[in-house]
Amino acid sequence: MSQSEDPRFIESVEDLTEEKVERLKKVKPAILGIKCGRSACANGLHCFDSGKAHPQFEAGTCQHCGIDLIHWDEVRSRETRNVNAKFEFFEKEWIRHFFFHVPITARIHKYADKHGLAGLGDILESQLRQNKMLRFIPALDWNQTKMLDGTIVHWARHAVACCCRACMNYWHNVPLSQELNDDDIKYFKELGLKFIAKRIPDLTR
């Protein structure tokens with residue numbers, strides 16, 4: 001049976017409910033179809049990861065249909081005053097769109113309320129300062145950040161493409177050979193917190 005024939009396969013994030021998120025959270029993401037290389041181009045959801053050895057299309061375009069949608073200079077600037085414009089670009093990729101729209105469950109909300117926005121920022125920074133994020137370690141990259149079974153911090157990292165070094169590379173132009181510095185971490189922390197504030201607007205500090 002192919003993955004798409006598995007009854008647990010998620011056809012669209014719109015099919016998810018809070019109850020379904022909690023029921024599926026322990027299922028392997030690959031079985032659910034939650035992966036970076038997925039697209040649904042006919043629905044406007046693409047994949048811009050050109051890190052493969054032989055990319056099918058020019059870097060920066062969708063690697064499944066070739067469409068050119070992202071204003072990369074705008075996305076890669078470290079300016080966050082107009083962060084909603086960046087969010088709109090992130091949402092054009094299937095995996096980012098998924099985490100912008102996956103239902104916020106009671107578990108996710110409870111964790112966020114417990115820590116508050118400032119506490120979540122501390123947790124996010126702590127995750128970014130782990131050795132596996134500071135440096136590109138191929139054996140650990142791509143699968144190091146929790147998905148449905150994670151917290152709003154993990155969801156934020158997927159949404160704004162600071163979940164692994166490969167995603168940081170093609171979205172934010174952070175070289176794999178470069179160790180993250182304080183400015184990188186400060187920026188990704190700010191970006192992640194703005195996502196969290198958008199998804200849980202009633203969250204206090």
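A disulfide is a pair of cysteine sulfur atoms within 2.5 Å. With that cut-off in hand, the cysteines of this predicted model can be checked. How many disulfides does a search of the whole structure find? The count is zero. Take cysteine 62: the closest cysteine sulfur belongs to cysteine 41 and lies 3.7 Å away, so the two are too far apart for a bond. Cysteine 65 is in no disulfide either, with the sulfur of cysteine 62 as its nearest cysteine sulfur, at 3.7 Å. As for their surroundings, cysteine 62 is buried, at 0% relative accessibility, whereas cysteine 65 is partly exposed, with a relative accessible area of 35%.

Charged side chains come next. The structure holds eleven salt bridges. One of them joins arginine 8 to aspartate 6, and the closest N and O atoms of that pair are 3.0 Å apart. Here arginine 8 is partly exposed, with a relative accessible area of 36%, while aspartate 6 is buried at 11%.

Another salt bridge brings together the side chains of arginine 78 and aspartate 184, again with 3.0 Å from N to O. Arginine 78 sits in the loop between helix H3 (72–76) and helix H4 (83–90), and aspartate 184 belongs to helix H10 (residues 182–199), so this pair ties together parts that are 106 residues apart in sequence. Which of the two partners is buried, and which is partly exposed? Aspartate 184 counts as buried, with 4% relative accessibility, and arginine 78 counts as partly exposed, with 36%. Arginine 78 also has an aromatic neighbour: its charged end sits over the ring of phenylalanine 188, 5.6 Å from the ring's centre.

Helix H10 turns up again in the next pair. The side chains of lysine 189 and glutamate 125 meet in a salt bridge, at 3.1 Å from N to O. This contact links distant parts of the chain, as lysine 189 lies in helix H10 and glutamate 125 in helix H6 (residues 106–128), 64 residues apart. Glutamate 125 is partly exposed, its relative accessible area being 23%. The two don't act as an isolated pair in this picture: salt bridges with shared partners join Glu125, Arg129, Asp182 and Lys189 into one network.

That leaves the aromatic rings. A pair of aromatic rings is described by the distance of the centres and the angle of the planes. A search of the whole structure finds twelve aromatic pairs. In one of them, phenylalanine 48 and tryptophan 171 meet edge-to-face, with 6.0 Å from centre to centre and 80° between the planes. Where in the chain do phenylalanine 48 and tryptophan 171 lie? Phenylalanine 48 is in the loop between helix H2 (29–32) and H3, and tryptophan 171 is in helix H9 (residues 165–172), so that distant parts of the chain, 123 residues apart, are linked. Both rings belong to buried residues: phenylalanine 48 has a relative accessible area of 1%, and tryptophan 171 has 0%.

Tryptophan 171 also pairs with tyrosine 170. The centres of these two rings are 6.2 Å apart and the planes meet at 40°, so this pair is tilted. Tyrosine 170 is buried too, with a relative accessible area of 7%. Putting the rings together, Phe48, Tyr170 and Trp171 are among the members of one aromatic cluster, which also includes Trp72, Phe87, Phe90, Phe100 and Phe195.

Notes:
Residues are numbered from 1 along each chain as its sequence is written. This is a predicted model: local features need pLDDT of at least 70, side-chain atom pairs count only at pLDDT 80 or more; totals for chains, interfaces and linings use all residues. Side-chain values use heavy atoms; hydrogens and water are left out. Buried means under 20% relative accessible area, exposed over 50%, partly exposed in between (1.4 Å probe, protein chains only). A salt bridge is a side-chain nitrogen of Lys or Arg within 4 Å of a carboxyl oxygen of Asp or Glu. Helices (H or I, at least four residues) and strands (E, at least two) are DSSP runs, numbered from the N terminus. Rings of Phe, Tyr and Trp (its six-membered ring) pair if their centres lie within 6.5 Å; planes under 30 degrees apart count as stacked, over 60 as edge-to-face and the rest as tilted. A charge sits over a ring if NZ of Lys or CZ of Arg is within 6 Å of the ring centre and within 35 degrees of the ring normal.
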